[in-house]
Amino acid sequence: MEPVAKPNRQTAALMKTLDLGSGVDIDSLARSLAEAETSGRINTTKTRMASVESRLSGYAVTSSFMDAIKRGFEGLQNVSGLFTSSASSSDSARVPVTATGDVIPGQYNLSVQSLAAATVIQSASFASSTSALNNGSAFQVGLQIGTGAESTVSVTTDTPAGLVSAINAANLSVRATLVNKSASGNDWQIVLQGNSGAASNFNITSSTAATDLGFTASANRLVTARDAEITVNGMTGIRRSSNKISDAIPGVTIDLKANPGADIAIVVERSSQPVKQKLKLVIDAYNEFNAALDELTNEPSKGSDEYTGSLRRDKQFVATVRAEMKALMTQNSSTPVGAYQSLRDIGLSFRLDGTAQIDEKKLDLALQTNNDAVAKMLSAGTNGTSNLSLDPKGLAQDISIKLGNMLGAQGVINQRKVTGKSQISVYERDLVKLEVRLEAIYQRYISQFSAMESLVQRMEGVGSYLKGQFTAMENMYKS
């Protein structure tokens with residue numbers, strides 16, 4: 001007998017189309033048998049990979065809620081952001097005030113004895129801005145400011161305009177201007193003005209100019225420099241060289257526009273609303289974090305969120321993170337002040353279901369009686385302290401740094417992510433191997449079934465030949 005032919009997959013399909021062979025769809029049969037041998041392991045691998053991918057989503061959700069808590073604490077770590085200050089004046093037109101720093105709340109009575117002023121001296125009159133002052137020759141003037149040594153100013157252009165330029169170029173805190181007083185003719189005068197404050201009073205002399213410049217005439221000294229003088233809450237003799245005074249009332253800048261005559265009242269207030277709002281953000285973020293963990297560990301049900309139950313097989317991780325977060329919320333500050341050491345001391349507590357809350361009355365009492373202590377406990381009383389600094393940073397920054405470490409590359413969440421991604425890589429390689437194996441099994445079955453189809457075809461051919469011979473013999477005898 002001749003060896004049995006082994007038709008390929010395309011030949012087997014052609015034989016079926018021509019109604020040759022057994023009539024069995026060997027392609028579908030081979031595919032089904034191959035899948036039956038490998039589908040179990042493929043499905044198991046895909047299920048495990050989907051479980052890991054779901055956990056990775058759960059870790060990402062956990063990170064997001066933890067980051068919200070971290071941002072909440074970052075809002076509490078600078079003392080400047082914990083309170084708002086305000087100051088008001090009973091005569092804001094003449095003496096406006098502004099809260100510019102750390103204020104001491106209260107009412108302050110202010111009276112103004114004098115406003116700060118600068119020395120103003122005018123020269124004699126000149127017929128022109130280009131009139132000669134020293135017969136065309138250079139000359140010098142002397143300027144003495146306060147009790148300092150006299151400075152010499154050389155005037156090389158012998159005109160009023162030249163004198164003005166020389167004084168301004170000397171940069172001696174005296175400013176010179178040239179003014180024509182006449183609306184229709186020429187009546188030029190030089191006006192000199194210094195800085196405000198008694199210490200900035202100045203005198204100008206010139207013994208070398210041929211023309212009397214007029215600066216030493218008493219009638220031409222229009223204003224003599226003086227200090228501003230005020231009284232605050234009965235303390236007299238407070239003198240400053242400027243009308244803008246920022247150190248008489250803590251954290252308040254006083255701007256003396258005009259002498260108000262009567263005493264004025266300055267009211268300074270500090271609001272604790274910012275710190276209360278920021279503490280509420282932290283508490284809300286913590287409670288949302290715990291609610292998210294509950295959802296991530298619940299069994300999924302119809303209509304539940306896509307993340308529901310994604311960490312139900314990693315409850316140890318969830319319990320660890322939950323415990324660490326509660327420990328952060330209750331830890332002591334690195335800058336405690338007396339009875340104020342942690343959030344518990346300003347009203348933090350936990351309900352039976354684990355949710356956090358703030359006792360508003362306890363918080364208000366702490367802020368009303370000792371808001372400086374609360375501020376230092378939370379922020380160390382500082383602004384912009386670097387995370388790398390070795391200085392005490394306060395509770396809020398202590399916690400935000402720890403949260404940053406938990407969310408960082410070496411943190412527990414990222415380590416879980418790294419492990420999960422590694423597992424997925426292994427499962428992906430396994431699936432590739434299983435797909436290769438499935439194809440190999442399928443090809444083996446195709447080869448076997450094709451050989452069987454070829455044998456059936458040959459047997460059918462022999463049967464048809466014998467049937468034809470017997471029919472011919474039968475017909476021959478009939479005839």
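Ser 123 sits in the loop that links strand E4 (118-122) to strand E5 (139-145). The model is predicted. Its secondary structure amounts to eight helices and 17 strands. Of the 479 residues in the protein, 38% are buried. Among contacts between residues at least 6 apart in sequence, 70% join residues at least 24 apart.

**Ser 123**

- Ser 123 has 0% relative accessibility and therefore counts as buried, the cut-off being under 20%.
- Its side chain comes to 2.7 Å from the backbone nitrogen of Ile 190.
- Not counting residues up to four places away in sequence, Ser 123 touches Gln 189, Ile 190, Leu 213, Phe 215 and Asn 220.
- Ile 190 thus appears both as a residue that Ser 123 touches and as the owner of the backbone nitrogen reached by the Ser 123 side chain.

**Nonpolar cores**

- In soluble globular proteins, nonpolar side chains tend to be buried together.
- The largest nonpolar core here has 46 residues, and Phe 73, Met 325, Ile 346 and Leu 403 are those with the most contacts inside it.
- Two or more residues of this core come from each of helix H2 (26-74), helix H4 (273-297), helix H5 (315-330), strand E16 (348-350), helix H6 (360-379), helix H7 (395-407) and helix H8 (412-478).
- H4 supplies the largest share of this core, with nine residues.
- Another core, of 23 residues, lies apart from the largest one and includes Leu 172, Ala 176, Leu 192 and Ala 209.

**Helix H7 and Leu 403**

- The 13 residues of H7 should span 18 Å at 1.5 Å a residue, and the end C-alpha atoms are 18 Å apart, so the expected and modelled spans agree.
- Buried residues in H7 are Leu 395, Ala 396, Gln 397, Asp 398, Ile 399, Ser 400, Leu 403 and Met 406.
- Polar residues are on that list too, among them Gln 397, Asp 398 and Ser 400.
- Leaving aside neighbours within four places in sequence, Leu 403 is in contact with Met 66, Ile 69, Lys 70, Phe 73, Met 325 and Leu 328.
- Of these partners, Phe 73 and Met 325 are, like Leu 403, listed with the most contacts inside the largest core.

**The E2-E14-E13 sheet**

- Three strands make up an open sheet in the order E2-E14-E13, with antiparallel pairing.
- E2 and E13 are the edge strands, each with a single partner strand, so one side of each has no neighbour in the sheet.
- On average, neighbouring strands of this sheet are turned by 30° against each other, direction ignored.
- Strand E2 (residues 97-99) is joined to E14 by three bridges, and Ala 99 stands opposite Val 252 in E14.
- Strand E13 (residues 244-249) is also joined to E14 by three bridges.
- Across that pairing, Ile 245 has Ile 254 as its bridge partner, while Lys 244 stands opposite Asp 255.
- Two residues separate E13 from E14 in a hairpin, and Gly 251 in the turn has a positive phi of about 75°.

**The two faces of E14**

- In a regular strand the side chains alternate between the two faces of the sheet.
- Strand E14 (residues 252-255) is covered on both faces.
- Val 252 and Ile 254 are buried on one side, and Thr 253 and Asp 255 are buried on the other.
- Val 252 is the residue opposite Ala 99 of E2, and Ile 254 is the bridge partner of Ile 245.

Conventions:
Residues numbered from 1 in each chain as written. Predicted model: local features only at pLDDT ≥ 70, side-chain atom pairs only at ≥ 80, totals over all residues. Heavy atoms only, no water. Helix = DSSP H or I, 4+ residues; strand = E, 2+ residues; numbered from the N terminus. Buried < 20%, exposed > 50% of the residue type's maximum accessible area, 1.4 Å probe, protein only. Polar contact = N/O pair within 3.5 Å; in protein donor to acceptor, adjacent residues only side chain to side chain. Contact = heavy atoms within 4.5 Å. Core = buried A, V, L, I, M, F, W, Y, C linked by side-chain atoms within 4.5 Å. Expected span 1.5 Å × (residues − 1). Pairing = 2+ DSSP bridges. Axes fitted to C-alpha atoms, helices over the stretch in contact; angles between N-to-C directions.
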